[in-house]
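This report describes a single protein chain, beginning with its overall form and then turning to selected residues and ring pairs.

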Amino acid sequence: MIANGVDDEEKWLSAGIAALQQNAFYMHRALDSNNLKDALKYSAQMLSELRTSRLSPHKYYELYMRAFDELRKLEMFFKEETSRGCSIVELYELVQHAGNILPRLYLLCTAGSVYIKSKEAPAKDILKDLVEMCRGIQHPLRGLFLRSYLSQVSRDKLPDIGSEYEGDADTVMDAVDFVLQNFTEMNKLWVRMQHLGPSREKDKREKERSELRDLVGKNLHVLSQIEGVDLEMYKETVLPRVLEQVVNCKDELAQYYLMDCIIQVFPDEYHLQTLETLLNACPQLQASVDVKTVLSRLMERLSNYAASGPEVLPEFFQVEAFAKLNNAIGKVIEAQDNMPIGGIVTLYASLLKFALHVHPDRLDYVDQILGSCVKKISGIQKLDDSKATQQIVELLSAPLEKFKDIDIVLKLSNYPRVLDHLNDRTNKEVANIIVHNIMKNRTYIATAEKVEALFELMKGLIKDLDGDNQDEDEEDFKEEQYNVARLIQMLHSDDPEEMLKIIQTVRKHILTGGPRRLPHTVPPLIFSSLKLVRRLEGLDESLSDKEASATPKKIFQIVTQIIEALSSIPVPELALGLYLQCAEAANDCDLEPVAYEFFTQAYILYEEEITDSKAQVTSTYLIIGTLQRMRVFGVENRDALTHKATGYSAKLLKKPDQCRAVYACSHLFWHDDHDSIRDGERVLLCLKRALRIANAVQQMANATRGSSGSVILFIEILNKYLYFYEKGVPQITVESIKDLIELIKNEMHGDDTHSDPAADAFFASTQRYMQFQNDKGGSLGDKYQLITV
């Protein structure tokens, strides 16, 4: 097998193929002329090419496959010869006259296949003869391929139950003995291949050996296909003999591959009934064997078997599968001192999945597995190994995926202990999985105790554990915080007292989140608190005694403290909006002093913190809109607040913004459903002030650009006039509306006015509305008849 180079090996392979094809040609000519003697002569010469030691296993396989194809044709010739009267017994003896042992044995296996088919002798005797004769080739590579050929030609001729080659009562045992003997010899040859050639090429040889593993594994597949191998025979004969060979070969590659083969090819119920035997072999394997993968695949197969139907579960209980697997894992970890943390966690993750499939009602098993995992990783402060952390994520995700209920997971005392050993990034990953699970299954958490436990699990999302991760993607961070915000809405209890405890628990945790998180997490908590306020709305205050904490006033106190936490962050617009939301809730509860205080805080923020002109415009509209909906204020408080709001409107930087904010203030002085808020004079005052500002905008446009600006502000004011005219404000007269319409028309058709399609369309739409109301008739129609469009 020692080659001087790749080129030399290619030459040797080409020469071997050429010689093989040449002899195959002469063999075919002999076959065509029914010349048995020459056919055997040239087939032996053809097969002599397989005696080479110069080729690597990969190249040798190419040569072998060409010879194999020719042997199939020779086998068909042997069948035809027997049908023409040639004795198969004589033919079986005749092929043994070949001069070299390797061609002789290939021919013997080929003739033996025909001999078995003829049924002139028991199949078991011929198979026994063949498997013994193959001992004559002890070269690892040549012997391995010879026995592979024997396995290939005999697999459909085994004396199995129901087979046409079935013999007496022990016939199945004969078939099993033949396959096991061939398997044992092939495995020995395969293992010995590692010692061929110099030690410097050991890695190369191991790779070549790995490519040939299926030649050995096919024997186990044949064993699993024998109908007569029932559970009893598998338990008493097949598995012990296979495991004996696996353990005794003491080869890492062979042990790993063959253990995996056993798990994959034999039925699940056989594994379950022979679990102890199979598991006892694991600690006896070489320390370098990847036992964790073997056991993981075994547990995966058993888990899938358990999931196939409830009728198989009693079998698992009967054999105490969980206890045996748990014990075996402990022994394997103990036997392999150098097993990495990732391997240990992989084993426990597989055991956990098994327990969840077989014993979904046994939370103590799940907690026990997590506890065992904690003990193994307890010596490590924070896991940084990516493989180990990923395995722990899978371990912690399994109960969530199975139960789909965070309440059940919160009962696992060891769950947070495992999390404590994860680094910040992995902690955050698990927290995200928990949040997504709650969202997906719409699980509501109803007690403060559970919320406390949940937020402890989610601390990777709630706060920075070891300093802020500066290289974190901003979009990912926002997505995480949006998920936390959604989660806060899933915290709900029908008991107001318990709900207040939940709010206080959440407040305690989110206030530790730092300036990046608070803008995302404070608003949902505020709205959750206001939901509770509205639930308590209308309840008799006397029902809430001194011990009862869930009263609107007390909740507003908590809410104020939460919003004040935003003062350390430059988000005054957000805080102002929250104060106004709280003011509306206080309005609904008829708490005038509380509502006034919230407005006061909003005004302070506006005056001291909000300096951006766009933010001022938005905040002004927000203040006006909220104040317009308030009904709880007395005359004095309302006048103070509306005076401030109109003042803010008139002080905006841009004139168009001023105009719009001022005419919006007109709504603060007229309410249809509130008799005390009907001040037509002040409505008219706001509209006139808006007209003056709009006129100033026109003059500024004329001064700076030499032409009048858009009349769209005048049209907007006209619509306000029409609104209040419809509402019956006496100060809004027909004459004032007509004058405004005339002003708009003059401005639109002036010599120095540029066309504005938007303004033209807006005015036309307004005119159509007026005409529509006029045509509709009724009391409103009568009003519009007075206005000439």
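The sections below move from the whole chain to its aromatic pairs and then to individual positions.

## Overall form

The structure is a predicted model, and its protein chain contains 39 helices and 0 strands. Whereas a compact globule of 789 residues would have a radius of gyration near 28 Å, the protein chain has 45 Å. Taken along the principal axes, the C-alpha atoms of the protein chain fill a box of roughly 130 × 70 × 55 Å.

One pair of residues gives a sense of these distances: the C-alpha atoms of aspartate 129 and aspartate 675 are separated by 115 Å, with the two positions 546 residues apart along the chain as the separation in sequence. Aspartate 129 has its place in helix 6, which covers residues 123-133, and its relative accessible area of 30% makes aspartate 129 partly exposed.

## Burial, contacts and charge

Of the 789 residues in the protein chain, 52% are buried. Among the contacts with a separation of 6 or more, 72% are accounted for by residues 24 or more positions apart. The surface that the protein chain exposes amounts to about 36,400 Å², and carbon and sulfur atoms supply 48% of this area.

The protein chain carries 92 positive and 118 negative charges, and the mean positions of these two sets are 3 Å apart.

## Aromatic pairs

The structure holds 26 aromatic pairs. One of them joins tyrosine 61 and phenylalanine 145 in a tilted arrangement, with 6.2 Å from centre to centre and 45° between the planes. This pair links distant parts of the chain, since tyrosine 61 belongs to helix 3 (residues 57-83) and phenylalanine 145 to helix 7 (residues 140-154), 84 residues apart. Tyrosine 61 is partly exposed at a relative accessible area of 38%, whereas phenylalanine 145, at 0% relative accessibility, counts as buried.

Another pair is formed by tyrosine 769 and tyrosine 784, whose ring centres are 6.2 Å apart and whose planes stand at 90°, so the pair is edge-to-face. Because tyrosine 769 lies in helix 38 (residues 757-776) and tyrosine 784 in helix 39 (residues 778-785), the pair ties together parts that are 15 residues apart in sequence. Tyrosine 769 is partly exposed, with 34% relative accessibility, while tyrosine 784 is buried, with a relative accessible area of 1%.

Ring pairs also link several residues into a cluster, made up of Tyr60, Tyr61, Tyr64, Phe68, Tyr106, Phe145 and Tyr149.

## Two buried positions

Cysteine 665 lies in helix 34, which spans residues 655-665, and counts as buried at 1% relative accessibility. When neighbours within four places in sequence are left aside, cysteine 665 is in contact with Ile624, Ala645, Thr646, Ser649 and Cys686. The C-alpha atoms of cysteine 665 and valine 683 are separated by 8.1 Å, and these two residues are 18 residues apart along the chain.

Serine 350 lies in helix 18 (residues 341-358) and has a relative accessible area of 14%; because this value falls under the 20% limit for burial, serine 350 is classed as buried. Not counting residues up to four places away in sequence, serine 350 touches Ser296 and Met299.

Conventions
Residues numbered from 1 in each chain as written. Predicted model: local features only at pLDDT ≥ 70, side-chain atom pairs only at ≥ 80, totals over all residues. Heavy atoms only, no water. Helix = DSSP H or I, 4+ residues; strand = E, 2+ residues; numbered from the N terminus. Rg over C-alpha atoms; globule rule 2.2 N^0.38 Å. Buried < 20%, exposed > 50% of the residue type's maximum accessible area, 1.4 Å probe, protein only. Contact = heavy atoms within 4.5 Å. Areas by Shrake-Rupley, 256 points an atom, 1.4 Å probe, with all protein chains shown as cover. Lys, Arg positive; Asp, Glu negative; His and termini not counted. Charge placed at Lys NZ, Arg CZ, Asp CG, Glu CD. Phe/Tyr/Trp six-rings, centres within 6.5 Å; stacked < 30°, edge-to-face > 60°.
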